[in-house]
Amino acid sequence: MGRRLVPLTLDSLADLPLPCRACVFWELDPVSGEAAIKDGRPELEKESWISAVLLEWGSCGRIAYVDDVPVGFVLYAPPAYVPRSLAFPTSPISSDAVQLMTSRVLPTYQGQGIGRTLVQTVAKDLVRRGFKAIEAFGDTKVEDAHCVLPADHLLAVGFKTVRPHHRYPRLRLEVRSALSWKGEMEVALERLLGAVQKEPSLRPL
């Protein structure tokens with residue numbers, strides 16, 4: 001079984017699973033996101049966003065392939081490139097951190113270490129770039145989770161709450177600790193990234 005992990009580029013954008021390839025939940029502010037959906041241009045907005053981040057900041061995602069089949073991905077960027085983050089009551093993301101926007105591993109490929117590898121690759125990238133942590137907004141209502149990852153699962157894989165909230169706490173994971181995950185934390189990470197993500201509703205938080 002051949003595996004490879006490659007940076008997300010405009011050429012590989014089409015390999016993101018639906019509805020993720022046309023989702024602009026994080027990439028646009030709530031008003032602009034709703035307008036993009038209404039006008040039928042979310043995929044163009046997604047492509048434009050990735051292009052801008054690649055040019056100005058660099059790699060902002062990874063896609064995992066098994067035998068040339070795309071099976072998972074992770075998307076991340078500094079908060080300055082993530083307009084939706086400002087809509088959360090627990091913003092802003094810390095200045096020494098990059099935001100984990102969203103991730104997914106297809107259910108058929110869970111439990112194979114793919115999710116762990118994705119996040120560890122992000123951690124290695126951020127260490128090289130001089131960042132200290134990965135931060136994410138969690139959702140405490142797991143049944144409603146879509147692009148916002150479940151808070152309980154983030155906690156289970158080593159994230160710590162840095163700003164509590166009844167619905168959307170902000171959590172943090174030191175990148176160096178992410179490079180040494182073992183045992184139960186690896187299993188929990190697989191469950192987190194393998195969670196089925198519903199198509200998001202683009203409304204202000």
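Let's start with how far this predicted model can be trusted: the protein chain has an average pLDDT of 85, and 85% of the residues score at least 70. Confidence varies along the chain. Among its elements, strand β6 has the highest mean pLDDT, at 96, while helix α6 (residues 184–193) has the lowest, at 60. Residues 196–205 fall below a pLDDT of 50, and this stretch has 33 contacts in the model beyond near neighbours in sequence.

With that in mind, turn to the sheet. It is an open one, built from 7 strands in the order β1-β2-β3-β4-β5-β7-β6, with mixed pairing. The edges belong to β1 (3–7) and β6 (160–163); each has a single partner strand, so one side of each is left without a neighbour in the sheet. On average, neighbouring strands are turned by 30 degrees against each other, direction ignored.

Look now at the β6 edge. Here β6 pairs with strand β7 (residues 170–174) in the antiparallel sense, over 3 bridges. You can find Arg163 standing opposite Arg170 in β7.

A helix also meets this sheet. Helix α3 (residues 114–129) lies across β1, β2 (61–66), β3 (69–77), β4 (97–105) and β5 (133–137), and it runs at about 35 degrees to β3.

Next come the aromatic side chains. The whole structure holds 7 aromatic pairs. In one of them, the ring centres of Trp26 and Phe137 are 6.3 Å apart and the planes make an angle of 15 degrees, so the pair is stacked. These two residues come from distant parts of the chain, 111 residues apart: Trp26 is in the loop between β1 and α1 (30–38), and Phe137 is in strand β5. Both Trp26 and Phe137 are buried.

Phe88 and Tyr168 make another pair, with ring centres 5.1 Å apart and planes at 80 degrees, so this one is edge-to-face. Phe88 sits in the loop between β3 and β4, and Tyr168 in the loop between β6 and β7, so their pairing ties together parts that are 80 residues apart in sequence. Phe88 is buried, as is Tyr168. Step back, and you will see that ring pairs link Phe25, Trp26, Phe88, Phe137 and Tyr168 into a cluster.

Finally, look for charges over rings. The charged end of Arg4 sits over the ring of Tyr65, 4.3 Å from its centre. Likewise, Arg129 places its charged end over the ring of Trp57, 3.7 Å from the ring's centre.

Terms used. Residues are numbered from 1 along each chain as its sequence is written. Side-chain values use heavy atoms; hydrogens and water are left out. Two strands pair if DSSP finds at least two bridges between them. Helices (H or I, at least four residues) and strands (E, at least two) are DSSP runs, numbered from the N terminus. Axes are lines fitted to C-alpha atoms, for helices over the stretch in contact, and angles run from 0 to 180 degrees between N-to-C directions. Contact means heavy atoms within 4.5 Å. pLDDT is the predictor's confidence in each residue, from 0 to 100. Rings of Phe, Tyr and Trp (its six-membered ring) pair if their centres lie within 6.5 Å; planes under 30 degrees apart count as stacked, over 60 as edge-to-face and the rest as tilted. Buried means under 20% relative accessible area, exposed over 50%, partly exposed in between (1.4 Å probe, protein chains only). A charge sits over a ring if NZ of Lys or CZ of Arg is within 6 Å of the ring centre and within 35 degrees of the ring normal.
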